[in-house]
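Reader: I have a structure open and some questions about how it packs. Can we go through them one at a time?

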Number of protein chains: 2
Amino acid sequence: MAKRRRVANLMALGVLSTVAFRPMHPYEMATALRGWGKERDLQIKWGSLYTVVGNLAKHGLLEEVESSRAGRRPERTVYRITDEGRAELVDWARELLSVAEPELPRFRAGLSVLAVLGPDEVVTLLRQRLAAVGREIARAEGALAEHGPRVPRLFLIEIEYDLAMLRAEQAWMRSLIDEIAEGRLPGLDEWRKHHETGEITAEMRELADRSSEQYGKPE
Amino acid sequence: MAKRRRVANLMALGVLSTVAFRPMHPYEMATALRGWGKERDLQIKWGSLYTVVGNLAKHGLLEEVESSRAGRRPERTVYRITDEGRAELVDWARELLSVAEPELPRFRAGLSVLAVLGPDEVVTLLRQRLAAVGREIARAEGALAEHGPRVPRLFLIEIEYDLAMLRAEQAWMRSLIDEIAEGRLPGLDEWRKHHETGEITAEMRELADRSSEQYGKPE
DNA sequence: GTGCGTATACTCGTCGGCGAGTAACGCGAG
DNA sequence: CTCGCGTTACTCGCCGACGAGTATACGCAC
């Protein structure tokens, strides 16, 4: 289960997958990744790039090929992927596709502190986010429509995944918004009262102090 | 849009939300969070805890109350939330609930490097993950069933969100698996051939070299 | 009552992440 | 032909994340 990667940063996965095609220097890897459209999956931090490539080399997953300097430009070090690097890439892909450890999206964190806001405001905020999700959906659909004809479907799979997840999120948010807005959410009155008066119900106090186990084991 | 948080780590959100109830020392915050069941959202790294609390204090979101030592135990520093801290908590919650910047789940990264594996293996791996997702669903359902009676629904919202997302993921994975397993995915033959012979199609080579813009602007 | 395992409550050091800075080149405008 | 601004290609350095280490206290067996 998810053995510790020598280079854990997901950008390293991107690097490995581009440099698998042909030897490159770091900057080239980044532009290739970008040109590919993968900046979305593993966002490129220019600062990290060289750290990551350096670490990959240190661990024998990449190796330095040449260190040419054209003119008096800064030196460009070209790297090639090693057999070990290729193995790591494959093994990592296997892990990512087969393991489902729970993720912690930021929105989920927001949901878990819902109660610090009042119900009415929550509805407003969720509506804003719903609109934003709608825009993301449009964007993903646009991307599919644009590239669908030219690019094999295999390479657009992540976008299809995005779409599926975004639509699910949209549906879920809609039903939650409706429940709150129409007053059907159980406990809504206590929530509103707590928020207006700042008063903490006995229930909440109890919850706050209890330290029993809940949903999910500590790692 | 997502102004830079003085303390960006999501654990800080957890800390703020617990210490909002009453002053505590760091270790107590962590156990409260755990007892609450929030270790799932913002997983607790013991090393980070003190860094995070320290940073919150440094930025005036928490303040030191007393530094009692009971017996000859290590000194316990108790912190209280400041008005600024409370404001940050509320503002942060607002942001998390209203903004939808795209997340980058690990699975999505795996999908984006699908092609380094062969279709048959991909099916096997996805089936494994499908089973794992099923177990996660069961777990979330169990948690809902267990706590539903005792805990107000408001505090279980994240679990409902988990469930919705997990089910969507399950459905999407099923349909992808079927498409590949039943040979309905377009481009499947090229994919298989590429994987068996190691040969790169002209299409892929072209894709690899092109550096045109795609889906998503660089930040 | 003494030994030992476990919970409590931190401290420290390292390593990676990443923003900001730098420097050479190339080109288009005037 | 030269100014300057965008692109290429990196380097530097801080600071935050977190694993591992540490030290006390408490409970319980024998």
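Reader: At what angle do helix 1 and helix 2 of chain A pack?
Author: In this predicted model, helix 1 and helix 2 of chain A pack at about 95 degrees, with their axes 9 Å apart. That makes helix 1 of chain A roughly perpendicular to helix 2 of chain A. Axes are lines fitted to C-alpha atoms, for helices over the stretch in contact, and angles run from 0 to 180 degrees between N-to-C directions. Angles under 35 degrees count as roughly parallel, over 145 as roughly antiparallel, 65 to 115 as roughly perpendicular and the rest as oblique.

Reader: Which residues meet there?
Author: From helix 1 of chain A, A:G14, A:V15, A:T18 and A:V19 meet A:M29, A:A32 and A:L33 of helix 2 of chain A. Contact here is C-beta atoms, placed from the backbone, within 7 Å. By class, this contact has five nonpolar, two polar and no charged residues. Ala, Val, Leu, Ile, Met, Phe, Trp, Tyr, Cys and Pro count as nonpolar, Asp, Glu, Lys and Arg as charged, and the others, Gly among them, as polar.

Reader: What about the loop between those helices in chain B, is B:M24 buried or exposed?
Author: B:M24, in the loop between helix 1 (10-19) and helix 2 (26-36) of chain B, is buried, because 22 other C-beta atoms lie within 10 Å. The cut-offs are 20 or more for buried, 12 or fewer for exposed, and partly exposed in between, counting other C-beta atoms within 10 Å, placed from the backbone.

Reader: What does B:M24 touch, leaving aside neighbours within four places?
Author: B:M24 is in contact with B:T18, B:V19, B:M29, B:A32, B:V78 and B:Y79. B:Y79 is 55 residues from B:M24 along the chain, and their C-alpha atoms are separated by 5.4 Å.

Reader: How many helices and strands are in chain A?
Author: Chain A has nine helices and two strands, in the order α-α-α-β-β-α-α-α-α-α-α. Helices (H or I, at least four residues) and strands (E, at least two) are DSSP runs, numbered from the N terminus.

Reader: Switching to the dimer, how are chain A and chain B related?
Author: A rotation of 180 degrees with 0.0 Å of shift along its axis superposes chain A on chain B, with an RMSD of 0.0 Å. That is the relation of a two-fold axis. In chain A, A:A168 has the C-alpha nearest the axis, 3.1 Å from it. Superposition is by least squares on C-alpha atoms of residues with pLDDT of at least 70 in both copies.

Reader: And how many residues are in contact?
Author: 79 residues of chain A are in contact with 79 of chain B. Helix 6 of chain A gives the largest share of chain A's side, 10 residues. That side has 48 nonpolar, 15 polar and 16 charged residues.

Reader: How does helix 4 of chain A pack on helix 6 of chain B?
Author: They pack at about 40 degrees, with axes 7 Å apart, which makes helix 4 of chain A oblique to helix 6 of chain B. The residues involved include A:R94 and A:L97 on one helix and B:L125 and B:R129 on the other.

Reader: Any conventions I should know?
Author: Residues are numbered from 1 along each chain as its sequence is written, and chains are lettered from A and ligands numbered from 1 in the order in which they are written. Because the model is predicted, local features need pLDDT of at least 70 and side-chain atom pairs count only at pLDDT 80 or more, while totals for chains, interfaces and linings use all residues.

Notes. Two residues are in contact if their C-beta atoms, placed from the backbone, lie within 7 Å.
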